[in-house]
Every structure is written in structure tokens, then in C-alpha cells.
Amino acid sequence: ARAEGQLVGCIDAKISGSVAGLAFVSVDSAYRRRGIASALLRGTASECKRKGAISMFPGMTSGVFLYEANGWRALREYVGMTGSYRWLVAVGQIKE
């Protein structure tokens, strides 16, 4: 995403078969709370769906509020322990 001629937000997703994995969504702190992350998420989900993905999972748990705010619903949750790290992955259906 660009604003005032500069990069202010980006998103990364990969597709494997019918599943898309969202690696990250990032928005410059000066441009947050303006709907940029939601627009990036919707556009990416739409593109992944167009390319054959029927579900999408986030690779980061810090963005769960963003997914829920955009109508995603958790289909299942996975919690695993590795050393002192705890991982939570929510899987949501792609919505446009």
C-alpha cells in the first residue's frame, strides 16, 4: 500500500493447493487505524481465492483481532509448545 508516494503497508501470502498461508501484514505506525491492513487483507484474500484457495490461515497470532474484524471465523485452533514459545494458529474461510 502506498500513501503520499511512499510505501506504508505490505502483506505476504503463499498458496499451496487450495490453502493460502498469510505470512504477515505490516503497516507503518504513522498510518495505522486507517483501514490499510483491512484493505490489504481483503485484496489478498480475494486474489488467493481467484487463484484457487478455499481457505487461508494466518501465520501470526498478533493479528487475530484484524482477522475477526474482517469477518473471518476460526475453524480450528492449534496450540503447540516449543521451548518457551507458544503458537496459536486460527484457520479461517476466505471472505471478500
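Let me begin with the lining of the largest pocket, whose residues divide into 9 nonpolar, 5 polar and 3 charged. Before I go further, please keep in mind that what we have here is a predicted model.

The space in this largest pocket comes to about 390 Å³, and of the 17 residues that line the pocket, the ones closest to its centre are V27, R32, A37, F65 and L66. If you look at where the lining comes from along the chain, strand 4 (19–27), helix 1 (36–50) and helix 2 each supply at least two of its residues.

One of those central residues, L66, takes me to N70, since the backbone oxygen of L66 lies 2.9 Å from a polar atom of the N70 side chain. N70 itself is found in the loop that runs between helix 2 (64–69) and strand 6 (77–82). Is N70 buried or exposed? With a relative accessibility of 17%, N70 counts as buried, because the cut-off for that word is under 20%. Setting aside residues up to four places away in sequence, N70 touches S38, L41 and R42.

L41 leads on to the largest nonpolar core, which has 18 residues, and among them L22, Y31, I36, L41 and M56 touch the most other members. Strand 4, helix 1 and helix 2 each supply at least two residues of this core, and the largest share, 6 residues, comes from helix 1. As general background, nonpolar side chains in soluble globular proteins tend to be buried together.

From that core I would like to follow Y31, which, leaving aside its neighbours within four places in sequence, is in contact with A3, E4, Q6, V8 and I36. Where does V8 sit? The place of V8 is in the loop between strand 2 (6–7) and strand 3 (9–16), and with a relative accessible area of 3%, V8 is buried.

The contacts of V8, again not counting residues up to four places away in sequence, are with A1, R2, A3, S26, V27, D28, Y31 and I36. In that list you will recognise V27, one of the residues closest to the centre of the largest pocket, as well as Y31 and I36, which are among the core residues that touch the most other members. Finally, V8 and A30 are 22 residues apart in sequence, while in space the distance from C-alpha to C-alpha is 8.4 Å.

Definitions and conventions: Residues are numbered from 1 along each chain as its sequence is written. This is a predicted model: local features need pLDDT of at least 70, side-chain atom pairs count only at pLDDT 80 or more; totals for chains, interfaces and linings use all residues. Side-chain values use heavy atoms; hydrogens and water are left out. Helices (H or I, at least four residues) and strands (E, at least two) are DSSP runs, numbered from the N terminus. Buried means under 20% relative accessible area, exposed over 50%, partly exposed in between (1.4 Å probe, protein chains only). A polar contact is a pair of N or O atoms within 3.5 Å; within protein, one must be able to donate a hydrogen and the other to accept it, and residues adjacent in sequence count only if both atoms are side-chain atoms. Contact means heavy atoms within 4.5 Å. On a 1 Å grid over the protein atoms alone, a cavity is a set of points where a 1.4 Å probe fits but cannot get out, and a pocket is an open set with protein on both sides within 12 Å along at least five of seven lines; lining residues have an atom within 4 Å of a point. Grid points are joined across faces, edges and corners, and a volume is the space filled by probe spheres set on the points. Ala, Val, Leu, Ile, Met, Phe, Trp, Tyr, Cys and Pro count as nonpolar, Asp, Glu, Lys and Arg as charged, and the others, Gly among them, as polar. A nonpolar core is a set of buried Ala, Val, Leu, Ile, Met, Phe, Trp, Tyr and Cys residues joined through side-chain atoms within 4.5 Å.
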